[in-house]
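Dear colleague,

I am handing over the structure we spoke about, and it follows directly below. Please have it open while you read the notes that come after it.

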Amino acid sequence: MSSTILISGAGIAGLSAALALSRAGVWVKVVERENALVSEGAGVQLGPNVTRILRAWGLGSGLRDKGFFPKFLCAHDARDGRVLGQSDLAQALQHYGAPHVCIHRADLQALLWQGLQGQGQWHWGHTLQTVHPADTHVMVRSASGQAWQGDGLVVADGIGSKLRQAVSGDGPATPTGHVALRALLPMTEVPRQWRTTNVHVWMGERFHLVHYPVRDGQWLNLVLVIHRRDSRETDHWSWLGEGLWAQQAVSDSCAAVCDLIGAVAQWRYWVLADRAPMRSATDMAVGRIAMIGDAAHPMRPYFAQGAGMAIEDAAALQWAWQHRGDQGVDLAWRAMADSRWRRVAQVQAQSRRNGLVFHSTGWLRWGRNAALQTLGSRLMNPAWLYGGGPRPVDGGGGVHDGPVTGR
Ligand SMILES: Cc1cc2nc3c(=O)[nH]c(=O)nc-3n(C[C@H](O)[C@H](O)[C@H](O)COP(=O)(O)OP(=O)(O)OC[C@H]3O[C@@H](n4cnc5c(N)ncnc54)[C@H](O)[C@@H]3O)c2cc1C
């Protein structure tokens with residue numbers, strides 16, 4: 001009889017885990033608080049470490065249809081607009097065997113959902129509250145008292161994870177003092193010179209702006225990160241009608257940045273929080289309970305790898321499950337965590353460092369610009385990240401190079 005694994009949350013981590021474990025022959029039961037897939041959020045970039053896995057799950061042609069394949073990553077100083085460094089993203093396929101893709105989050109979720117082809121049991125509209133581990137199984141319970149039981153549990157309910165709190169009780173993620181503002185502009189409304197096929201990062205004093213095309217290049221996705229203390233909840237996008245904060249933050253910038261910000265009529269914002277880099281495998285696995293994605297390791301979005309790490313986690317779950325032999329769920333989860341925590345901690349730490357570098361002032365800004373001008377393409381093309389991560393396992397337990405830690 002096949003095993004049943006519970007999954008809390010149907011975000012990118014939960015959907016990926018459901019797909020990965022279904023491909024390993026597991027029956028999944030997914031419990032999600034919303035009534036349908038969440039289509040909020042905007043674009044995400046996926047590096048070759050991530051698209052390699054999606055392709056191994058059979059999602060390559062969907063990725064081709066829904067994704068946008070940028071040519072270059074261009075880093076600018078936002079004050080004077082000059083290009084500091086450039087990385088050839090189109091070469092990812094040649095260097096790492098998989099492409100760099102920009103995709104709308106809703107399209108990524110739809111792709112994962114299609115890959116599932118109706119497998120598993122899906123329970124929508126239930127907010128999970130508590131978890132009850134036992135020697136032979138795990139049970140979770142919703143706020144309204146409904147219960148689900150499985151041989152194991154994958155906690156994937158995001159940065160505000162209630163189940164993480166029930167397991168570890170270590171309190172909420174820490175606000176960073178930064179807020180992300182995002183907008184999607186129809187390409188026809190974008191100032192003509194910025195109707196680009198590249199990813200652009202503009203680094204300013206205490207802010208940065210990233211933009212790239214999504215949806216077949218028909219829309220431009222913009223994310224502006226600014227410094228702002230805000231004590232609101234950290235796990236949803238809220239409306240910020242007009243862009244006063246945005247205009248104030250970039251007021252000292254070059255015309256290109258001001259024009260782009262000025263072209264946006266409405267922003268949404270997200271209060272950014274994170275946790276310190278993980279310190280051991282027990283941050284991802286305790287007995288029959290595994291934790292993945294933002295529930296386990298929320299990070300600042302300055303390395304564009306949060307969703308990527310969630311998808312890698314799912315691939316590592318698949319690998320661990322398919323190689324567990326007669327060992328129990330707890331040992332499979334432990335093998336997943338052992339193979340993951342160091343690499344993800346490195347990504348968490350780099351995400352924090354990137355924030356300092358992107359927003360720097362004075363001598364640090366000068367040093368950053370000098371480093372990017374001399375070593376730009378090397379610094380912007382982290383081989384340990386793009387070439388590492390779990391090697392995909394095919395559905396039947398075939399191609400596999402081991403649970404690579406990526407170091
Ligand atoms: C501005 C910004 C830009 C980003 N850009 C990138 C990028 O370019 N590349 C990248 O890889 N990553 C990026 N990220 C990070 C990425 O969005 C997250 O890391 C990723 O969405 C985490 O996925 P998740 O499934 O763990 O969490 P979530 O996406 O938050 O999903 C959690 C799911 O659990 C559900 N849920 C919550 N609580 C409960 C409960 N109690 N019971 C049941 N269900 C529950 C939620 O409704 C949701 O569906 C960015 C993030 C931000 C904020």
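I begin with one residue in the interior, Leu 317, which touches Ala 17, Ala 20, Leu 21, Val 154, Ala 290 and Met 336, leaving aside residues up to four places away in sequence. Please keep in mind throughout that this is a predicted model.

Leu 317 belongs to the largest nonpolar core, a set of 126 residues, and is among those with the most contacts inside it, together with Ala 17, Leu 224, Ala 290, Ile 292 and Met 336. The largest share of this core comes from helix 10, which supplies 11 residues.

Helix 10 also matters for the description of the ligand surroundings, since with 4 residues it gives the most to the shell around the ligand. That shell holds 36 residues, of which Gly 9, Gly 11, Gly 158, Gly 293 and Gly 306 come nearest to the ligand. The elements that contribute two or more residues to the shell are helix 1 (12-23), strand 2 (27-32), strand 3 (43-46), strand 12 (174-186), helix 9 (293-296) and helix 10 (306-322). By residue type, the shell divides into 17 nonpolar, 11 polar and 8 charged residues.

Turning to the strands, there is an open sheet of 6 strands with mixed pairing, and their order is 7-2-1-11-19-18. At its edges stand strand 7 (121-124) and strand 18 (285-286), and because each has a single partner strand, one side of each is left without a neighbour in the sheet. Within the sheet, strand 1 (residues 4-8) runs parallel to strand 11 (residues 152-155), and the two are joined by 4 bridges. In this pair, Ile 7 stands opposite Val 154 of strand 11, and Val 154 is also one of the residues touched by Leu 317.

As for the chain as a whole, its secondary structure comes to 13 helices and 19 strands. The C-alpha atoms fill a box of roughly 65 × 45 × 40 Å along the principal axes, and the radius of gyration is 21 Å, which agrees with the value near 22 Å that a compact globule of 407 residues would have. Buried residues make up 50% of the chain, and, of the contacts with a separation of 6 or more, 75% are between residues 24 or more positions apart.

With best regards

How values were computed
Residues are numbered from 1 along each chain as its sequence is written. This is a predicted model: local features need pLDDT of at least 70, side-chain atom pairs count only at pLDDT 80 or more; totals for chains, interfaces and linings use all residues. A residue is near a molecule or strand if its C-beta atom, placed from the backbone, lies within 6 Å of it. Ala, Val, Leu, Ile, Met, Phe, Trp, Tyr, Cys and Pro count as nonpolar, Asp, Glu, Lys and Arg as charged, and the others, Gly among them, as polar. A nonpolar core is a set of buried Ala, Val, Leu, Ile, Met, Phe, Trp, Tyr and Cys residues joined through C-beta atoms within 7 Å. A residue is buried if 20 or more other C-beta atoms lie within 10 Å of its own, exposed if 12 or fewer, and partly exposed in between; C-beta atoms are placed from the backbone. Two residues are in contact if their C-beta atoms, placed from the backbone, lie within 7 Å. The radius of gyration is taken over C-alpha atoms; the globule rule is 2.2 Å times the number of residues to the power 0.38. Two strands pair if DSSP finds at least two bridges between them.
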